[in-house]
Amino acid sequence: MQPKTKERLIRFRRCNRKLPRRRLDIPIEKLTHYNPELLSKFTTETGKILPRRVTGVSAWIHRKIKREIKRARAVNLMS
């Protein structure tokens, strides 16, 4: 059974899409603001922080990444 309208079909597919697999390849020891190469993997070209659902990290790692990106910006290691 299909949704009645095209908009409902789009919403249905968006809500029921497959979530990305969680990443376990990030070394916690290297997540510091002195390592902008690793932190730049979690930002866009314009400098925005990518959300968890895109990067596939857990919540507490995402909070740590967010904190370290802001510290690196404050020390001018990242723009």
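**Entry 1: the surface patch**

I looked first for nonpolar surface, and Y34, V75 and L77 make a patch of about 330 Å². The search joins residues with over 30% relative accessible area and no salt bridge: like charges within 9 Å, nonpolar side chains (Val, Leu, Ile, Met, Phe, Trp, Tyr) within 5 Å. Accessible areas come from the Shrake-Rupley method with a 1.4 Å probe, and for residues only the protein chains shown count as cover.

The model is predicted, so I note the limits: local features need pLDDT of at least 70, side-chain atom pairs count only at pLDDT 80 or more, and totals for chains, interfaces and linings use all residues. Residues are numbered from 1 along each chain as its sequence is written, and side-chain values use heavy atoms, with hydrogens and water left out.

I then checked the members. L77 sits in the segment after α4 (59–74). Its relative accessible area is 39%, so L77 is partly exposed. Buried is under 20% relative accessible area, exposed is over 50%, and partly exposed is in between (1.4 Å probe, protein chains only). Y34 is in the loop between α1 and α2. At 64%, Y34 is exposed. I also took a distance: the C-alpha atoms of Y34 and R71 are 9.1 Å apart, with their positions 37 residues apart along the chain.

**Entry 2: helix α4**

I read the helix limits from DSSP runs (H or I, at least four residues; strands are E, at least two), numbered from the N terminus. α4 has 16 residues. From first C-alpha to last it reaches 23 Å, close to the expected 22 Å at 1.5 Å a residue. The expected span is 1.5 Å times one less than the number of residues.

Which residues of α4 are buried? They are I61, H62, I65, E68, I69 and A72. They cover an arc of only 130° around the axis, which puts them on the same side of α4. The arc is taken from the directions from the helix axis to the C-beta atoms. An α-helix has 3.6 residues a turn, so residues three or four places apart point the same way. The cover over the buried residues of α4 includes α2 (36–39) and α3 (52–55).

I61 has a relative accessible area of 11%. Beyond four places in sequence, I61 is in contact with I28 and L31. Contact here is heavy atoms within 4.5 Å. I61 and I26 are 35 residues apart in sequence and 9.0 Å apart in space, C-alpha to C-alpha.

**Entry 3: the salt bridge**

How many salt bridges does the structure hold? I found one. The term asks for a side-chain nitrogen of Lys or Arg within 4 Å of a carboxyl oxygen of Asp or Glu. E68 and R71 form it, at 3.0 Å from N to O. Both lie in helix α4, three residues apart, about one turn of the helix. E68 is buried at 4%. R71 is partly exposed at 40%.

**Entry 4: H33**

I followed the pair to H33, in the loop between α1 (6–15) and α2. H33 is buried, with a relative accessible area of 16%. Leaving aside neighbours within four places, H33 touches L39, E68, R71, A72, V75 and L77. Both salt-bridge partners, E68 and R71, are therefore among the contacts of H33.

**Entry 5: T55 and I49**

T55 lies in helix α3. Is T55 buried or exposed? At 8% relative accessibility, T55 counts as buried. T55 touches R23, F42, L50 and H62, not counting residues up to four places away.

I49 is in the loop between α2 and α3. At 28%, I49 counts as partly exposed. Outside four places in sequence, I49 is in contact with F42, T43, H62, K66, I69 and R73. F42 and H62 appear in the contact lists of T55 and I49. I49 and R13 are 36 residues apart in sequence, and their C-alpha atoms are 25 Å apart in space.

**Entry 6: the backbone at N76**

I ended just after α4, where N76 takes a positive phi of about 65°. N76 is not a glycine. Most residues other than glycine have a negative phi. N76 is exposed, with a relative accessible area of 67%.
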